[in-house]
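Student: I should like to test the descriptive terms used for this model against their criteria. May we go through them one at a time?

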Amino acid sequence: MQVNRRIESESEMLSFGQSLSQILAMGDVVALTGDLGAGKTTLSRGIIQALCGDLDVPSPTYTIVQTYECGAFELWHCDLYRLERPDDIFELGLFDAMDDCVCLIEWPDRMGEHLLESALTIDIQFEGDGRRLTMSGNTPWQERLAHV
Ligand SMILES: Nc1ncnc2c1ncn2[C@@H]1O[C@H](COP(=O)(O)OP(=O)(O)O)[C@@H](O)[C@H]1O
Ligand SMILES: [Mg+2]
(Lines give C-alpha, C1' and ligand atoms only; values in the text may rest on other atoms or scores of the structure.)
(Ligands and ions follow the chains in the order given, each with its own letter.)
Protein backbone atom coordinates (compact mmCIF):
# COMPACT_ATOMS: atom_id res chain seq x y z
CA MET A 1 0.00 0.00 0.00
CA GLN A 2 1.16 3.52 -0.70
CA VAL A 3 0.36 6.94 0.68
CA ASN A 4 0.45 9.89 -1.73
CA ARG A 5 0.93 13.53 -0.90
CA ARG A 6 1.14 16.65 -3.06
CA ILE A 7 3.62 19.28 -1.80
CA GLU A 8 3.31 22.77 -3.29
CA SER A 9 6.39 24.57 -2.04
CA GLU A 10 9.71 24.34 -0.21
CA SER A 11 8.10 25.66 2.98
CA GLU A 12 5.35 23.03 2.76
CA MET A 13 8.07 20.38 2.34
CA LEU A 14 9.75 21.63 5.54
CA SER A 15 6.50 21.51 7.49
CA PHE A 16 5.70 18.06 6.16
CA GLY A 17 9.12 17.01 7.49
CA GLN A 18 8.08 18.41 10.85
CA SER A 19 4.89 16.27 10.81
CA LEU A 20 6.84 13.19 9.78
CA SER A 21 9.34 13.73 12.58
CA GLN A 22 6.55 13.07 15.09
CA ILE A 23 6.19 9.45 14.04
CA LEU A 24 9.92 8.66 13.96
CA ALA A 25 11.66 6.64 16.66
CA MET A 26 15.04 5.06 17.34
CA GLY A 27 15.86 2.33 14.81
CA ASP A 28 13.79 3.86 11.99
CA VAL A 29 15.24 4.07 8.50
CA VAL A 30 13.78 6.47 5.93
CA ALA A 31 14.96 5.97 2.34
CA LEU A 32 14.55 9.08 0.19
CA THR A 33 14.48 8.58 -3.57
CA GLY A 34 14.00 10.96 -6.50
CA ASP A 35 16.17 12.93 -8.91
CA LEU A 36 18.67 15.64 -8.08
CA GLY A 37 16.77 18.70 -6.86
CA ALA A 38 13.60 16.75 -6.05
CA GLY A 39 13.71 17.80 -2.39
CA LYS A 40 15.29 14.89 -0.48
CA THR A 41 17.59 17.18 1.48
CA THR A 42 14.84 19.75 2.04
CA LEU A 43 12.54 17.10 3.54
CA SER A 44 15.42 15.81 5.69
CA ARG A 45 16.08 19.38 6.86
CA GLY A 46 12.46 19.71 8.01
CA ILE A 47 12.71 16.45 9.96
CA ILE A 48 16.10 17.26 11.51
CA GLN A 49 15.19 20.80 12.55
CA ALA A 50 12.00 19.53 14.18
CA LEU A 51 13.86 16.82 16.10
CA CYS A 52 17.21 18.44 16.86
CA GLY A 53 16.52 22.16 17.01
CA ASP A 54 16.75 25.03 14.58
CA LEU A 55 20.24 24.32 13.32
CA ASP A 56 22.07 24.48 10.05
CA VAL A 57 21.46 21.30 8.01
CA PRO A 58 23.94 21.14 5.13
CA SER A 59 23.57 18.55 2.39
CA PRO A 60 25.83 15.57 3.14
CA THR A 61 26.82 15.41 -0.55
CA TYR A 62 30.55 15.55 0.13
CA THR A 63 30.75 14.17 3.67
CA ILE A 64 28.30 11.31 2.85
CA VAL A 65 27.18 11.36 6.51
CA GLN A 66 26.17 14.14 8.93
CA THR A 67 25.16 13.14 12.43
CA TYR A 68 22.98 15.06 14.88
CA GLU A 69 22.23 14.60 18.58
CA CYS A 70 18.47 14.54 18.99
CA GLY A 71 17.89 14.05 22.70
CA ALA A 72 17.19 10.34 23.17
CA PHE A 73 18.86 9.25 19.95
CA GLU A 74 21.40 10.13 17.30
CA LEU A 75 20.17 11.00 13.82
CA TRP A 76 22.19 10.10 10.72
CA HIS A 77 21.59 12.05 7.52
CA CYS A 78 23.30 10.30 4.61
CA ASP A 79 23.76 11.03 0.92
CA LEU A 80 25.13 7.83 -0.60
CA TYR A 81 25.49 9.22 -4.12
CA ARG A 82 29.28 9.00 -3.83
CA LEU A 83 29.37 5.62 -2.10
CA GLU A 84 31.57 3.39 -4.24
CA ARG A 85 30.41 -0.05 -3.10
CA PRO A 86 27.40 -1.17 -1.01
CA ASP A 87 29.79 -2.81 1.50
CA ASP A 88 31.30 0.61 2.28
CA ILE A 89 28.37 1.20 4.64
CA PHE A 90 30.08 -1.10 7.18
CA GLU A 91 33.17 1.09 7.34
CA LEU A 92 30.99 4.20 7.53
CA GLY A 93 29.20 2.73 10.55
CA LEU A 94 25.86 3.07 8.78
CA PHE A 95 25.00 -0.61 9.08
CA ASP A 96 25.17 -0.40 12.89
CA ALA A 97 23.54 3.04 12.98
CA MET A 98 20.41 1.62 11.33
CA ASP A 99 19.89 -0.37 14.53
CA ASP A 100 19.97 2.30 17.17
CA CYS A 101 19.73 5.70 15.45
CA VAL A 102 17.23 7.36 13.15
CA CYS A 103 18.68 7.22 9.61
CA LEU A 104 17.58 9.41 6.70
CA ILE A 105 19.20 8.05 3.55
CA GLU A 106 19.36 9.80 0.17
CA TRP A 107 20.32 7.62 -2.83
CA PRO A 108 19.58 4.37 -0.90
CA ASP A 109 20.03 2.32 -4.09
CA ARG A 110 23.80 2.78 -3.59
CA MET A 111 23.69 0.48 -0.57
CA GLY A 112 22.11 -2.31 -2.61
CA GLU A 113 20.55 -5.09 -0.60
CA HIS A 114 21.82 -3.71 2.71
CA LEU A 115 18.78 -1.44 2.82
CA LEU A 116 16.49 -2.89 5.49
CA GLU A 117 13.11 -4.21 4.38
CA SER A 118 11.65 -2.40 7.37
CA ALA A 119 12.60 1.00 5.89
CA LEU A 120 10.01 3.61 4.97
CA THR A 121 10.60 4.71 1.38
CA ILE A 122 9.62 8.21 0.31
CA ASP A 123 9.87 8.82 -3.41
CA ILE A 124 9.76 12.45 -4.53
CA GLN A 125 8.80 13.32 -8.10
CA PHE A 126 8.57 16.70 -9.82
CA GLU A 127 4.94 17.59 -10.55
CA GLY A 128 4.48 20.95 -12.24
CA ASP A 129 5.77 23.60 -9.82
CA GLY A 130 5.40 21.23 -6.88
CA ARG A 131 6.28 17.71 -5.89
CA ARG A 132 4.49 14.39 -5.48
CA LEU A 133 5.54 12.23 -2.51
CA THR A 134 4.83 8.52 -2.60
CA MET A 135 5.40 6.73 0.69
CA SER A 136 5.64 2.98 0.94
CA GLY A 137 6.51 0.68 3.78
CA ASN A 138 5.35 -2.29 5.78
CA THR A 139 2.06 -2.46 7.70
CA PRO A 140 3.41 -0.78 10.87
CA TRP A 141 4.56 2.17 8.72
CA GLN A 142 1.12 2.41 7.05
CA GLU A 143 -0.47 2.63 10.48
CA ARG A 144 1.97 5.32 11.60
CA LEU A 145 1.53 7.31 8.39
CA ALA A 146 -2.17 7.62 9.17
CA HIS A 147 -1.12 10.10 11.89
CA VAL A 148 0.82 12.40 9.55
N1 LIG B 1 7.85 21.67 -3.32
C2 LIG B 1 9.18 21.71 -3.13
N3 LIG B 1 9.74 20.88 -2.23
C4 LIG B 1 11.08 20.87 -2.04
N5 LIG B 1 11.95 21.66 -2.69
C6 LIG B 1 11.45 22.50 -3.59
C7 LIG B 1 10.05 22.55 -3.85
N8 LIG B 1 9.85 23.47 -4.82
C9 LIG B 1 11.06 23.94 -5.13
N10 LIG B 1 12.04 23.38 -4.39
C11 LIG B 1 13.48 23.64 -4.52
O12 LIG B 1 14.08 22.46 -5.02
C13 LIG B 1 15.37 22.27 -4.45
C14 LIG B 1 15.44 20.91 -3.75
O15 LIG B 1 16.76 20.68 -3.43
P16 LIG B 1 17.24 19.51 -2.49
O17 LIG B 1 16.30 19.39 -1.34
O18 LIG B 1 18.67 19.73 -2.22
O19 LIG B 1 17.02 18.23 -3.46
P20 LIG B 1 17.73 16.80 -3.46
O21 LIG B 1 18.30 16.56 -2.09
O22 LIG B 1 16.60 15.85 -3.78
O23 LIG B 1 18.77 16.83 -4.52
C24 LIG B 1 15.60 23.42 -3.50
O25 LIG B 1 16.36 24.39 -4.18
C26 LIG B 1 14.20 23.94 -3.21
O27 LIG B 1 14.18 25.31 -2.94
MG1 LIG C 1 20.22 16.00 -1.47
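The dialogue below takes up the sheet, its hairpins, a helix pair and the ligand shell.

Tutor: Please bear in mind throughout that this is a predicted model.

Student: What makes E1 and E3 the edge strands of the sheet?

Tutor: The seven strands follow the order E1-E7-E6-E2-E5-E4-E3 in an open sheet. Strand E1 (2–7) and strand E3 (65–70) each pair on one side only, and these are the edge strands. From one strand to the next, the twist averages 15°.

Student: How do you know that E1 and E7 pair?

Tutor: Pairing requires at least two bridges between two strands. E1 and E7 are joined by six bridges and run antiparallel, so the criterion is met. As one example of the register, Val3 lies opposite Met135 in E7.

Student: Why is the pairing in this sheet called mixed?

Tutor: Both senses are present. Strand E2 (residues 29–33) and strand E6 (residues 120–127) run parallel and are joined by four bridges; here Thr33 has Asp123 in E6 as its bridge partner. By contrast, E6 and E7 pair in the antiparallel sense, over seven bridges, with Thr121 opposite Ser136 in E7. The pairing of the sheet is accordingly described as mixed.

Student: What lies between the strands in the hairpin of E6 and E7?

Tutor: Two residues separate the strands there, and Gly128 takes a positive phi near 60°.

Student: What makes E3 and E4 a pair, and which residue in their turn has a positive phi?

Tutor: Strand E4 (residues 73–79) runs antiparallel to E3, and six bridges join them. Since at least two bridges are needed, E3 and E4 count as paired. Trp76 in E4 is the bridge partner of Thr67. The two strands form a hairpin with two residues between them, and Gly71 in the turn has a positive phi of about 65°.

Student: Why are H1 and H2 called oblique to each other?

Tutor: Their axes cross at roughly 50° and come within 7 Å. Angles under 35 degrees count as roughly parallel and 65 to 115 as roughly perpendicular. The crossing angle of roughly 50° falls in neither range, and H1 and H2 are therefore oblique to each other. Their crossing is right-handed.

Student: Which residues of H1 and H2 meet?

Tutor: From H1, the residues include Met13, Leu14, Phe16 and Leu20; from H2, they include Leu43, Ile47, Ala50 and Leu51. By class, this contact has eight nonpolar, six polar and two charged residues.

Student: Which residues come nearest to ligand 1, and what makes a residue part of its shell?

Tutor: Met13, Gly39, Lys40, Thr41 and Thr42 come nearest, of 16 residues around ligand 1. A residue belongs there if its C-beta atom, placed from the backbone, lies within 6 Å of the ligand. Helix H1 (10–21), helix H2 (40–52) and strand E7 (130–136) are the elements that give two or more residues to the shell. H2 gives the most, with three residues.

Student: How is the shell around ligand 1 divided by class?

Tutor: The shell has four nonpolar, eight polar and four charged residues.

Note on methods: Residues numbered from 1 in each chain as written. Chains lettered and ligands numbered in written order. Predicted model: local features only at pLDDT ≥ 70, side-chain atom pairs only at ≥ 80, totals over all residues. Nonpolar A, V, L, I, M, F, W, Y, C, P; charged D, E, K, R; others polar. Axes fitted to C-alpha atoms, helices over the stretch in contact; angles between N-to-C directions. Parallel < 35°, antiparallel > 145°, perpendicular 65-115°, else oblique. Left-handed = near helix turned anticlockwise from the far one by under 90°. Contact = placed C-beta atoms within 7 Å.
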